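Q: Hey, got a minute to walk me through this one? I'd like to start with the core and go from there.

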Amino acid sequence: MTIDFASFTPAASLAGGVMIGIAALLLMRLHGRVMGISGILGGLVRPSSDGDAGWRVLFVFGALLGPLIVIHLLGRPVAVQPVADGLMLPAAGLLVGLGTAIGSGCTSGHGICGLARLSLRSAAAVGIFMCAAVITVYVIRHAS
Amino acid sequence: MVRSLTIILVGALFGAGLAVGGMLNPAKVAGFLDIFGVWDPSLAFVMGGGVVANLVGMRFLQRGRAPLFASSFRLPDATGIDRHLVGGAVLFGIGWGLGGLCPGPAISSLVLVPGDVALFVVMMLAGLFGGRVFMARRTG
């Protein structure tokens, strides 16, 4: 294993993580909701109860504003370098949607919220999707 | 009005945290997942910081009382580790590894690189719909 020190950003990543954790905490304490993005979006594309869409739309609107506020405050763009193109990108999107719906959560719901609640179910999900993602990147980068 | 505003602000804090932490950059995500190559462990700090902030905050704020703007806390009922959880997590992990995007960053980066991410998001929403239909049929 070699550490990529040139790309390593522990302070910024820790700060970003704390911001995400505080957002999850506030959504639960103020509105009683788990900050799981796949669940928030899933409740929009296929609602399970009436009159439940409003807060989801507002949250997504905020999530779109967030990066723009950061760019404005820092005065520089946020780095975005794609790793997939062609058919790989929509295929990845489909797998992410299907997997998070069937697996009842993603990095935010099982990760930030589930792990903080000390949920064994979420810990299992996080362990499994991390392993699957690491193996996928290994196959793409090193096995061919 | 105040209720709506707080939801937007919480969403903005989440999106800003993703941007500051490096989660919106698929190349950085792939670098984090590439533990057998030249590894960038940064995103472990995002997850660690997020979980600890949430966990510590939950301990400090009073438990038991209702949320400020809702009648009750809505927490998931399921606690078991079933085949849907395992299978779904595997599919999600493969998709995350392929595209370097999970659901939150996919949505938030729409404002940065709309053209590239839009197709991913459309397919992700289709997958969420399909997955929920599948789960509704399986579990009733």
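**Core, contact and helices**

A: Sure. The largest nonpolar core has 87 residues, and those with the most contacts inside it are A:A23, A:A24, A:L95, A:F129 and B:F120. Keep in mind that this is a predicted model.

Q: What does A:A24 touch, skipping residues up to four places away in sequence?

A: On the chain A side, A:A24 touches A:M35, A:I112 and A:C113. From chain B, B:G50 and B:N54 are in contact with A:A24 too.

Q: OK, zooming out. How many residues does each chain put into the contact?

A: Chain A puts in 99 residues and chain B 109 residues. On the chain A side, β1 (2–3), α1 (10–31), α2 (37–45), α3 (54–74), α4 (88–102), α5 (107–116) and α6 (120–142) each supply at least two residues.

Q: Which element gives the most on that side?

A: That would be α1(A), with 21 residues. By class, the side of chain A that touches chain B has 68 nonpolar, 25 polar and 6 charged residues.

Q: And how is each chain put together, going along the sequence?

A: Chain A reads β-α-α-α-α-α-α, which comes to 6 helices and 1 strand. Chain B also has 6 helices and 1 strand, but its pattern is α-α-β-α-α-α-α.

Q: What about dimensions?

A: Along its principal axes, the C-alpha trace of chain A spans about 50 × 40 × 35 Å. For chain B, the C-alpha atoms fill a box of roughly 45 × 40 × 30 Å.

Q: How much of each chain is buried?

A: In chain A, 51% of the 144 residues count as buried. In chain B, the figure is 51% of 140 residues.

Q: And what share of the contacts comes from residues 24 or more positions apart?

A: Taking contacts with a separation of 6 or more, residues 24 or more positions apart account for 45% in chain A and 42% in chain B.

Q: Back to the strands. What does β1(A) pair with?

A: β1(A) is joined by 2 bridges to strand β1 of chain B, residues 38–39, and the two run parallel. In that pairing, A:I3 stands opposite B:W39.

Q: Now α2(A). Which of its residues are buried?

A: A:I37, A:S38, A:G39, A:I40, A:L41 and A:G42 are. The buried residues of α2(A) pack against α3, α4 and α5 of chain A, and also against α5 (103–108) and α6 (114–139) of chain B.

Q: How does α2(A) sit relative to α6(B)?

A: Their axes come within 9 Å and cross at roughly 80°. An angle of 65 to 115 degrees counts as roughly perpendicular, so that is the description for α2(A) and α6(B).

Q: Which residues meet there?

A: From α2(A), A:S38, A:L41, A:G42 and A:V45 meet B:L125, B:L128, B:F129 and B:R132 of α6(B). By class, this contact has 5 nonpolar, 2 polar and 1 charged residues.

Q: Chain B has an α2 as well. How many of its residues are buried?

A: α2(B), residues 26–33, is mostly covered, with 7 of its 8 residues buried. They are B:P26, B:K28, B:V29, B:A30, B:G31, B:F32 and B:L33.

Q: What do the buried residues of α2(B) pack against?

A: Their partners are α6 of chain A, together with α3 (42–60) and α4 (83–99) of chain B.

Q: Switching to single residues: is A:W55 buried or exposed?

A: A:W55 is buried, because 22 other C-beta atoms lie within 10 Å and the cut-off for buried is 20 or more. A:W55 lies in helix α3 of chain A. Leaving aside neighbours within four places in sequence, A:W55 is in contact with A:H31 and B:I7.

Q: And why does A:A125 count as buried?

A: A:A125 has 31 C-beta neighbours inside 10 Å, so A:A125 counts as buried. The place of A:A125 is in helix α6 of chain A.

Q: What does A:A125 touch, again not counting residues up to four places away?

A: A:A125 touches A:G103, A:G105 and A:H110, along with B:L85 and B:A89 from chain B. As for A:T107, 18 residues apart from A:A125 along the chain, the C-alpha atoms of the two are separated by 9.3 Å.

Conventions. Residues are numbered from 1 along each chain as its sequence is written. Chains are lettered from A and ligands numbered from 1 in the order in which they are written. This is a predicted model: local features need pLDDT of at least 70, side-chain atom pairs count only at pLDDT 80 or more; totals for chains, interfaces and linings use all residues. Two residues are in contact if their C-beta atoms, placed from the backbone, lie within 7 Å. Helices (H or I, at least four residues) and strands (E, at least two) are DSSP runs, numbered from the N terminus. Ala, Val, Leu, Ile, Met, Phe, Trp, Tyr, Cys and Pro count as nonpolar, Asp, Glu, Lys and Arg as charged, and the others, Gly among them, as polar. Two strands pair if DSSP finds at least two bridges between them. A residue is buried if 20 or more other C-beta atoms lie within 10 Å of its own, exposed if 12 or fewer, and partly exposed in between; C-beta atoms are placed from the backbone. A nonpolar core is a set of buried Ala, Val, Leu, Ile, Met, Phe, Trp, Tyr and Cys residues joined through C-beta atoms within 7 Å. Axes are lines fitted to C-alpha atoms, for helices over the stretch in contact, and angles run from 0 to 180 degrees between N-to-C directions. Angles under 35 degrees count as roughly parallel, over 145 as roughly antiparallel, 65 to 115 as roughly perpendicular and the rest as oblique.
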